[in-house]
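Trainee: I keep running into words that I'd like you to justify. Let's take them one at a time.

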Amino acid sequence: MSNPKDEQPSKKYKVEQELGQELSDDLKEKVAQNKIHAKIKLLGSKTNGLVVNIGPSWYTALESEFSKEYFIKLSQFIGDERKKSTIFPPADQVFTWTTTCAISSVKVVIIGQDPYHGQGQAHGLCFSVLPGVKPPPSLENIFKELEGSIDGFKHPGHGNLIGWARQGVLLLNACLTVKEKQPNSHAGKGWEQFTDAVINWLNSNLKGVVFMLWGAYAQKKGSRIDKKKHHILTAVHPSPLSAHKGFIGCKHFSTCNELLKKDGKIEINWTSLPAH
């Protein structure tokens with residue numbers, strides 16, 4: 001003989017079903033976003049304050065990475081480093097690159113190696129510095145190339161590239177932190193595996209992304225990108241040591257827009273560089 005309790009949904013289930021029907025799509029979305037923000041807040045404490053201010057869509061896409069052994073060790077390492085040394089960028093700016101657009105909106109990727117290691121320079125976007133900080137030589141060469149290839153481009157008078165990031169240009173360093181005055185000091189600690197996961201997600205889930213790979217390091221980092229799905233532009237690094245060997249005159253920025261236009265995407269306005 002069957003149990004009547006088994007034949008009828010529980011009272012709790014009925015209530016949940018009725019509530020689910022009544023919730024508007026907007027409210028459901030709000031509830032889902034609140035859950036994600038709660039998870040992000042919890043993640044901040046689980047990672048010794050390493051993962052804070054991460055964009056919700058990026059958190060969702062990369063969530064499985066944060067519980068892996070390498071990332072737990074990385075979190076412990078960075079936490080210990082911040083206790084005894086000056087680390088750049090500041091903790092709340094490590095993930096700036098995830099806060100300017102949704103992960104699915106990325107159209108262009110520029111890969112750097114590690115953050116600037118001088119006081120006040122790094123703020124979570126590769127090659128970029130905040131207003132009031134002198135643009136480093138590599139960035140000056142980027143501006144020089146833009147002046148020669150993009151109509152109407154003029155040096156903005158500062159080095160903040162957030163205007164590009166807001167349009168879907170991912171400015172991603174392979175390593176996301178560095179010790180003051182010690183370039184590559186956080187190499188080999190786990191960041192490379194994490195940023196590989198970022199590139200793998202973009203490679204697998206998007207189509208027609210333009211990857212600008214400057215220098216041997218960036219080109220190796222992007223070696224697994226599917227060339228049948230995405231566009232790969234390569235050149236030497238814009239460093240003063242190599243820019244004259246092929247970066248100046250590479251026309252990557254104009255070529256990028258031609259590729260985006262051909263794919264039916266909105267082109268990047270490279271001249272749009274507000275200070276904030």
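Trainee: What makes helix 6 and helix 10 oblique to each other?

Mentor: The axes of helix 6 (residues 137-149) and helix 10 (residues 252-262) come within 8 Å and cross at roughly 60°. Axes are lines fitted to C-alpha atoms, for helices over the stretch in contact, and angles run from 0 to 180 degrees between N-to-C directions. Under 35 degrees counts as roughly parallel, over 145 as roughly antiparallel, 65 to 115 as roughly perpendicular, and the rest as oblique. The pair falls into that last group, so helix 6 and helix 10 are oblique.

Mentor: Keep in mind that this is a predicted model: local features need pLDDT of at least 70, side-chain atom pairs count only at pLDDT 80 or more, and totals for chains, interfaces and linings use all residues. Residues are numbered from 1 along each chain as its sequence is written, and side-chain values use heavy atoms, with hydrogens and water left out.

Trainee: Which residues of helix 6 and helix 10 meet?

Mentor: On the helix 6 side you have Ile142, Glu145, Leu146 and Ser149, and they meet His252, Phe253 and Ser254 of helix 10. Contact here means heavy atoms within 4.5 Å. These residues divide into three nonpolar, three polar and one charged. For that sorting, Ala, Val, Leu, Ile, Met, Phe, Trp, Tyr, Cys and Pro count as nonpolar, Asp, Glu, Lys and Arg as charged, and the others, Gly among them, as polar.

Trainee: How do you know what a helix is, and how many helices and strands are there?

Mentor: Both are DSSP runs numbered from the N terminus: helices are H or I with at least four residues, strands are E with at least two. The protein has ten helices and six strands.

Trainee: Why is Leu202 called buried?

Mentor: Buried means under 20% relative accessible area, exposed over 50%, and partly exposed in between (1.4 Å probe, protein chains only). Leu202 sits at 0%, so it counts as buried. You'll find Leu202 in helix 8 (residues 191-205), in contact with Ile103, Val106, Val109, Leu170 and His230 once its neighbours within four places in sequence are left aside.

Trainee: And why is Lys154 called exposed?

Mentor: Its relative accessibility is 67%, so Lys154 passes the exposed cut-off. Look for Lys154 in the loop between helix 6 and helix 7 (162-165).

Trainee: Is Asp114 buried or exposed, and why?

Mentor: Buried, because its relative accessible area is 16%. Asp114 is in the loop between strand 2 and helix 6. Leaving aside neighbours within four places, Asp114 touches Asn173, Cys175, Val178, Pro183, Asn184 and Ser185. UniProt, in an unreviewed entry, lists Asp114 under "active site". UniProt positions are given in the numbering used here, feature names are shortened, and annotations may be inferred rather than shown by experiment.

Trainee: Which residues of helix 10 are buried?

Mentor: They are His252, Phe253, Ser254, Cys256, Asn257, Leu259 and Leu260. Their cover includes strand 2 (108-112), helix 6, helix 7, strand 5 (210-214) and strand 6 (231-235). Over the whole protein, buried residues make up 46% of the 276 residues.

Trainee: What makes a group of residues a nonpolar core?

Mentor: It's a set of buried Ala, Val, Leu, Ile, Met, Phe, Trp, Tyr and Cys residues joined through side-chain atoms within 4.5 Å. The largest one has 71 residues, and Trp97, Trp191, Phe194, Phe253 and Trp270 have the most contacts inside it. Among the residues that Trp97 touches are Trp58, Leu125, Leu172 and Phe194. In soluble globular proteins, nonpolar side chains tend to be buried together.

Trainee: What is special about phi in Lys181?

Mentor: Phi of Lys181 is near 65°, a positive value in a residue other than glycine. Lys181 lies in the loop between strand 4 (178-179) and helix 8, and counts as exposed because its relative accessibility is 66%. Asn48 is also not a glycine, and has a positive phi of about 55°. Asn48 is in the loop between helix 3 (25-46) and helix 4 (56-62).

Trainee: Which kind of peptide bond runs from Phe88 to Pro89?

Mentor: That bond is cis, with omega near -10°. Pro89 belongs to the loop between strand 1 (87-88) and strand 2.
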